[in-house]
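Colleague: Could we go through this model together? I have some short questions about how the chain is arranged.

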Amino acid sequence: MPAPAPLLLNQATAALSSPDGDGLTAGLAGLERALSVSCPRHALAEAAVVTQRMRRYMRRDFYFVSVGLFFARGAAAQRAGCALREAAEAARGLEEALAEMPPAPAWPQPPWSLRVRLLSPRCAALLRLVCRIDAAISRLLALEAAGLIDARSRRELARPALAGLAAVKRSLIGKERP
């Protein structure tokens with residue numbers, strides 16, 4: 001299942017921008033730290049997330065994990081890269097499971113458009129991963145709303161992908177799950 005195309009910032013979000021006027025979405029934890037990182041090859045990206053779970057991840061953890069990915073070196077970079085690949089595999093498994101399910105209408109919640117600063121290619125991979133998981137979870141929610149799956153099935157299908165995303169953060173702070 002392809003990831004949704006990035007949407008342009010809407011007027012409500014465009015009014016909230018970072019102090020340097022580059023149009024970054026304000027209100028995301030760690031924005032100041034991401035702006036303070038001097039990297040010559042950063043990029044600005046626009047994305048849209050629909051589900052509350054991914055909105056919360058973007059607000060609370062995206063820049064924390066991005067800065068960690070940018071500064072990770074040696075064994076820490078290897079752990080983070082491995083966790084990122086494993087999370088991508090879990091997301092791919094979720095997408096494959098959804099490909100076998102019947103089509104469902106789109107989740108009715110409007111997307112939250114945001115603009116973020118990407119510090120490295122790994123940060124871009126993280127954003128793509130978040131968008132893929134968001135699209136899959138929104139489809140699961142739509143299937144649940146249509147009565148095609150139950151809440152337990154939705155949670156069980158989404159659990160590996162969400163755990164993979166959490167494992168990326170844990171790999172950066174040095175706490176591996178027992």
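Colleague: Which residues in α4 meet α6, and which residues in α6 do they meet?

Modeller: This is a predicted model, and in it Phe62, Val65, Ser66 and Leu69 of α4 meet Arg122, Cys123, Leu126 and Leu127 of α6. By class, the residues of this contact are six nonpolar, one polar and one charged.

Colleague: At what angle do α4 and α6 pack?

Modeller: Helix α4, residues 62-71, packs against α6 at an angle of about 150 degrees, and their axes are 8 Å apart. The crossing of α4 past α6 is right-handed.

Colleague: Is Ser66 buried or exposed?

Modeller: Ser66, a residue of helix α4, has a relative accessible area of 0% and is therefore buried, the cut-off being under 20%.

Colleague: What does Ser66 touch, leaving out residues up to four places away in sequence?

Modeller: Ser66 touches Leu119, Cys123 and Leu126. Cys123 and Leu126 are also among the α6 residues in the contact with α4.

Colleague: Let me step back. How many helices and strands are there in the protein?

Modeller: The protein has seven helices and two strands. Their order from the N terminus is α-α-β-α-α-α-β-α-α.

Colleague: And how much of the protein counts as buried?

Modeller: Of its 178 residues, 43% count as buried. The exposed area of the protein is about 9,500 Å², and 56% of that area is supplied by carbon and sulfur atoms.

Colleague: What share of the contacts with a separation of 6 or more is between residues 24 or more positions apart?

Modeller: Such pairs account for 84% of those contacts.

Colleague: Back to the helices. How do α3 and α6 pack?

Modeller: Helix α3 (residues 52-60) and helix α6 (residues 121-145) pack at about 160 degrees, with 9 Å between their axes. The two are roughly antiparallel because that angle is over 145 degrees. In this case the crossing is left-handed.

Colleague: Which residues make that contact?

Modeller: From α3 there are Met54, Tyr57 and Met58, and from α6 there are Leu126, Leu127, Val130, Ile133 and Asp134. Seven of the residues in the α3 contact with α6 are nonpolar, none is polar and one is charged.

Colleague: What about α5 and α7: how close do their axes come, and at what angle do they cross?

Modeller: The axes of α5 (residues 75-99) and α7 (residues 151-173) come within 8 Å and cross at roughly 170 degrees. The two helices are therefore roughly antiparallel to each other.

Colleague: Which residues of α5 and α7 make the contact?

Modeller: On the α5 side they are Arg79, Ala80, Ala83, Leu84, Ala87, Ala90, Ala91, Leu94 and Ala97. On the α7 side they are Leu157, Ala158, Pro160, Ala161, Gly164, Leu165, Ala167, Val168, Ser171 and Leu172. The contact of α5 with α7 comprises 16 nonpolar, two polar and one charged residues.

Colleague: Moving to the strands, where is Leu118, and is it buried or exposed?

Modeller: Leu118 is in strand β2. Its relative accessibility is 9%, so Leu118 counts as buried.

Colleague: What is Leu118 in contact with, beyond its neighbours within four places in sequence?

Modeller: Its contacts are His42, Ala43, Ala45, Phe62, Cys123, Ala124 and Leu127. His42 is 76 residues from Leu118 along the chain, yet their C-alpha atoms are separated by 5.5 Å.

Colleague: Where is Ala104 placed?

Modeller: Ala104 is in the loop between α5 and β2. At 24% relative accessibility, Ala104 counts as partly exposed because that value lies between the 20% and 50% cut-offs.

Colleague: Which residues does Ala104 contact outside its neighbours within four places in sequence?

Modeller: Ala104 is in contact with Arg139, Ala142 and Leu143. The C-alpha atoms of Ala104 and Leu143 are 5.6 Å apart, with the two positions 39 residues apart in chain numbering.

Colleague: One last residue: what does Leu141 touch, not counting residues up to four places away in sequence?

Modeller: Leu141, in helix α6, touches Thr51, Trp107 and Arg154. Leu141 and Arg154 are 13 residues apart in sequence and 7.3 Å apart from C-alpha to C-alpha. With 17% relative accessibility, Leu141 counts as buried.

Key: Residues are numbered from 1 along each chain as its sequence is written. This is a predicted model: local features need pLDDT of at least 70, side-chain atom pairs count only at pLDDT 80 or more; totals for chains, interfaces and linings use all residues. Side-chain values use heavy atoms; hydrogens and water are left out. Helices (H or I, at least four residues) and strands (E, at least two) are DSSP runs, numbered from the N terminus. Buried means under 20% relative accessible area, exposed over 50%, partly exposed in between (1.4 Å probe, protein chains only). Contact means heavy atoms within 4.5 Å. Accessible areas come from the Shrake-Rupley method with a 1.4 Å probe; for residues, only the protein chains shown count as cover. Axes are lines fitted to C-alpha atoms, for helices over the stretch in contact, and angles run from 0 to 180 degrees between N-to-C directions. Angles under 35 degrees count as roughly parallel, over 145 as roughly antiparallel, 65 to 115 as roughly perpendicular and the rest as oblique. A crossing is left-handed if the near helix is turned anticlockwise from the far one by less than a right angle, and right-handed if clockwise. Ala, Val, Leu, Ile, Met, Phe, Trp, Tyr, Cys and Pro count as nonpolar, Asp, Glu, Lys and Arg as charged, and the others, Gly among them, as polar.
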